[in-house]
Amino acid sequence: LSRNQLRHHFGPVGLVTPLYHEPFIIYDNNNDNGDFSKLTQSGNITQNFEGGENFMLDLTSSNSFSEHKKRITLREYVDYSLSTEIHPHQLSNETYYLFGQTFTAPWVELLKSYKLPPCQTCTRDLSALAFGIGAKGSGVQWHFHGPGFSETLHGRKHWVLYPPDKKPKYDPDFTPLYWMEYSYPSIDSKPWECTVHQGEMIYFPDMWHHAIVNLDPYTVFVSTFTTEHGVFN
């Protein structure tokens with residue numbers, strides 16, 4: 001659906017609670033986040049932070065638990081994501097990824113320019129935003145959480161998903177690319193899957209299992225984690 005079609009079907013605020021029960025893709029026919037996309041281009045992103053190229057990042061490992069941490073400058077990580085390709089044999093607990101560690105004041109300030117997805121609970125007080133950058137072949141192994149949206153700003157992201165009652169079999173310390181290469185071909189019950197292109201976003205329902213592989217160098221995205229049921233006057 002386009003954003004306009006979604007509002008036509010569900011009303012001016014978009015999705016209303018309870019949110020939809022299946023994943024779908026929304027494409028941005030109004031280019032709502034075009035300006036934000038320009039701010040986050042590889043040549044521009046360091047200019048958004050005090051310290052510029054020396055602004056420090058906290059990276060997490062790419063396994064299901066994101067349990068390992070690493071610090072690196074933003075410039076180093078941008079260069080890494082542009083020049084590095086993750087391969088299936090690399091362990092996810094030994095590869096690092098910018099995602100989920102973007103709740104500090106500088107990131108909050110940057111994300112004020114991001115226009116939220118079209119849904120009733122997608123408000124600044126009911127949602128948490130996470131900014132991410134990944135190299136080609138990177139991604140996060142199977143996991144699940146509450147509902148939300150993920151918009152691709154640069155590059156492409158391939159998603160695989162299962163409903164809550166169909167838990168996939170996987171090794172949490174192997175990459176999702178390994179799962180796609182070596183486990184996917186032999187399974188009988190294939191997952192839901194799609195590729196989310198630049199300017200598109202995916203809606204993921206509550207507690208759906210999912211894993212993601214970034215298909216291009218410097219893949220950039222914003223995920224909006226919201227709630228299934230908001231409280232309104």
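Student: In which loop does Tyr218 lie?
Tutor: This is a predicted model, and the places of residues are read from it. Tyr218 sits outside the helices and strands, in the loop between β10 and β11.

Student: Is Tyr218 buried or exposed?
Tutor: A residue counts as buried when its relative accessible area is under 20%. The relative accessibility of Tyr218 is 5%, so Tyr218 counts as buried.

Student: What is the phi of Tyr218 near?
Tutor: Tyr218 is a residue other than glycine, and its phi has a positive value. That value is near 50°.

Student: Met207 also has a positive phi. Where is the place of Met207, and is Met207 buried or partly exposed?
Tutor: Met207, a residue other than glycine, has phi near 65°. Its place is in the loop between β9 and β10 (209-214). Partly exposed covers the range between under 20% and over 50%. With a relative accessible area of 35%, Met207 is therefore partly exposed.

Student: How many helices and strands does the protein have?
Tutor: Both kinds of element are present in the protein. The numbers are 5 helices and 11 strands.

Student: Why does the radius of gyration agree with that of a compact globule?
Tutor: The protein has 233 residues, and a compact globule with that number would have a radius of gyration near 17 Å. The C-alpha trace spans about 50 × 45 × 30 Å along its principal axes. The radius agrees because the value for the protein is 17 Å.

Student: What part of the residues counts as buried, and what part of the surface belongs to carbon and sulfur atoms?
Tutor: Of the 233 residues, 50% count as buried. The accessible surface comes to about 11,000 Å². Carbon and sulfur atoms hold a share of that surface, and the share is 51%.

Student: How many Å apart do the centres of the positive and negative side chains lie?
Tutor: There are 17 positive side chains and 25 negative ones. Each set has a centre, and the distance between the two centres is 2 Å.

Student: Which residues touch the most other members of the largest nonpolar core?
Tutor: This core holds 36 residues. Elements that give two or more residues to the core include β2 (56-61), α3 (74-83), β5 (128-134) and β6 (148-154). Touching the most other members are Leu57 and Phe131.

Student: Which residues does Leu57 touch, not counting residues up to four places away in sequence?
Tutor: Several of its partners have neighbouring numbers, including Lys70, Arg71, Ile72, Thr73 and Leu74. The others on the list are Tyr77, Leu98 and Trp107.

Student: Which residues are among the members of the other core?
Tutor: Apart from the largest core lies another, of 8 residues. Among them are Leu161, Cys194, Val196 and Trp208.

Student: Is Leu153 buried or exposed, and which residues is Leu153 in contact with?
Tutor: Leu153 has its place in strand β6. At 3% relative accessibility, under the 20% cut-off, Leu153 counts as buried. Leaving aside neighbours within four places in sequence, its contacts are Asn33, Phe36, Ser37, Thr40, Gln198, Val220, Phe221 and Val222.

Student: Of contacts between residues at least 6 apart in sequence, what part joins residues at least 24 apart?
Tutor: Separation along the chain and distance in space are two separate quantities. Leu153 and Pro185, for instance, are 32 residues apart in sequence and 29 Å apart in space, C-alpha to C-alpha. For the contacts asked about, the part is 83%.

Student: Is Leu116 buried or exposed, and which residues is Leu116 in contact with?
Tutor: Leu116 is in the loop between α4 and β5. Its relative accessibility is 17%, so Leu116 counts as buried. Beyond neighbours within four places in sequence, it is in contact with Arg3, Cys122, Thr123, Arg124, Leu129 and Thr224.

Student: Which residues does Arg7 touch, not counting residues up to four places away in sequence?
Tutor: Arg7 is found in helix α1 (residues 3-10). At 27% relative accessibility, Arg7 counts as partly exposed. The residues that Arg7 touches are Pro12, Gly14 and Pro118.

Student: Is Pro12 buried or exposed?
Tutor: Pro12 has its place in the loop between α1 and β1. Exposed means a relative accessible area over 50%. Pro12 has 73% relative accessibility, so Pro12 counts as exposed.

Definitions and conventions
Residues are numbered from 1 along each chain as its sequence is written. This is a predicted model: local features need pLDDT of at least 70, side-chain atom pairs count only at pLDDT 80 or more; totals for chains, interfaces and linings use all residues. Side-chain values use heavy atoms; hydrogens and water are left out. Helices (H or I, at least four residues) and strands (E, at least two) are DSSP runs, numbered from the N terminus. The radius of gyration is taken over C-alpha atoms; the globule rule is 2.2 Å times the number of residues to the power 0.38. Buried means under 20% relative accessible area, exposed over 50%, partly exposed in between (1.4 Å probe, protein chains only). Contact means heavy atoms within 4.5 Å. Accessible areas come from the Shrake-Rupley method with a 1.4 Å probe; for residues, only the protein chains shown count as cover. Lys and Arg count as positive and Asp and Glu as negative; His and the chain ends are not counted. The place of a charge is taken as NZ of Lys, CZ of Arg, CG of Asp or CD of Glu. A nonpolar core is a set of buried Ala, Val, Leu, Ile, Met, Phe, Trp, Tyr and Cys residues joined through side-chain atoms within 4.5 Å.
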